[in-house]
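Q: Please take one helix and look at it closely. How long is it, which way does it face, and what comes right after it?

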Amino acid sequence: MKQDTSVQRPLWLALSIILVGLNLRPALAAIGPLLDQLRHATGMSFSDASLLTTLPVATMGAGAFLGSWLERRTGARQGVVIALLLILLSSALRWLPASFGALLATALMAGIGIALAQALIPGFIKQYFPHKVSALMGFYITAIMGGASLAAAGAPWLAAHSAHWQNGLAVWAALAALALPCWLLSAPRGGHGGGSAARAPQFSRIPRAWLLAFYFGIGTAVYASSLAWLPALFVQLGWSQQQGGLMLSFMTGMEVVSGLTIPLLSARSHDMRGWLTLVLLAVLAGLLGMVLAPHGGLLLLWVALLGLGVGGLFPLTMILTLHHYEDARNAGQLSAFVQGIGYLIAAVAPFAAGWIRDATASFNLAWLCLALLIAGLLVLTRRFAPQGYTAAMQSPAAVAAQTR
């Protein structure tokens, strides 16, 4: 009996998107749990170590615009292939002897690959799964966070149970080696590629696009800072390096739970404001708790709240962005703009937190600054009423022309 390939293709494509997502954080998440070995091997300070997260995040911002350009020239399918090849190569090169320059170079290479994939996948989801955007975006972002959790727990274990601690950084090339053929076999050819399509809106002239980028950037700043410094915080509190890595894995595990359930629960609602408020309050409670009561079992609560909040905020912000356009191309390119600017904003946070740690011997001021920014997002959330999406995406010049 002939199998229904029309049913199989979307299923395999969805699974391939999830596999791509698994590759978008291990190169960053493996750094924090191995910070002691990295600092011992290279002699770098906390500020220097922060560059291993800060520069890739900044590269993810700049690379998002490259992803948008590449999508117009070659299509999303080929762009994701290039992304996976860069991620694979950057991880594999970490088997070489460690030096700060080499680690920084591989981190930048991974950042470019991650940026390309993240710029292209949301529009791909909007185009091929127009009626399941919330559900598939939830699975995709859950995969991203699952990859981070896997690396956070696996990197220190592999470093401790193998002949070379670099294995904890380099083994994640295997994930890209798995995702690449799956993507090539399932992703449709063509898509958005080619230069004949209508010109994309000029998002730099649209205030709402900048507001979405700021919103995404602050949420990602909390995530990037936690990814870089949460293990170091627990080591500072007297925990072992393995325990610090496990706590980061616990946080990302909570992100997986939230990233999977919140988009599914919110799928029937076109108004994201209530859900956004809920996850922002969880992030705020987690940040303040780590400053005001950083001891005992309460730490598990604060880390859980932080993970649940960040895990829900990421997909909800992406879904909110995609809802601003019905057209898949415009939605995908708006997503690329929001991520491009947002990651550039977020890149400041890990470096600033590392500098604060060097200057004050504590991360408390960094968490308080992030908490203040999250409180600001709570105020901004009320502006995202769905009935205003269309008007919000018009440039001031277009609005003025309509009123003449």
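A: The answer follows one helix, then the loop after it, then a second helix for reference.

This is a predicted model, so local features need pLDDT of at least 70 and side-chain atom pairs pLDDT 80 or more, while totals for chains, interfaces and linings use all residues. Numbering runs from 1 along each chain as its sequence is written, and side-chain values use heavy atoms, without hydrogens or water.

Start with α15, residues 348–360. (Helices are DSSP runs of H or I, at least four residues, numbered from the N terminus.) Its 13 residues should span 18 Å at 1.5 Å a residue (times one less than the residue count). The end C-alpha atoms of α15 are 18 Å apart, so the two values agree.

Now its sides. A349, P350, A353, G354, I356 and R357 are the buried residues of α15 (under 20% relative accessible area; exposed is over 50%, partly exposed in between; 1.4 Å probe, protein chains only). Viewed down the axis, they fall within an arc of 160° (from directions axis to C-beta), so they line one face of α15. The face turned away from that buried side carries V348, W355 and A359, which are exposed. What covers the buried residues? The cover includes α4 (46–74), α10, α14 (328–346) and α16 (contact: heavy atoms within 4.5 Å).

Next, the exit. Just after α15, A361 takes a positive phi of about 60°.

The aromatic pairs come next. The structure holds eleven of them (ring centres of Phe, Tyr or Trp, six-membered ring, within 6.5 Å; planes under 30 degrees stacked, over 60 edge-to-face, the rest tilted). One is W229 with F363: a tilted pair, 5.6 Å centre to centre, with 35° between the planes. F363 lies in the loop between α15 and α16 (364–380), and W229 sits in α10 (207–236). The two are 134 residues apart, so the pair links distant parts of the chain. Both W229 and F363 are buried. Elsewhere, F203, W210, Y325 and F337 form one aromatic cluster.

For reference, take α7, residues 133–160. Its 28 residues should span 40 Å, and its end C-alpha atoms are 41 Å apart, which agrees. Of those 28 residues, 20 are buried, so α7 is largely enclosed by the rest of the structure. Q166 is found in the loop between α7 and α8 (167–170). At 13% relative accessibility, Q166 counts as buried. Leaving aside neighbours within four places in sequence, Q166 is in contact with R94, L96, P97 and A98.
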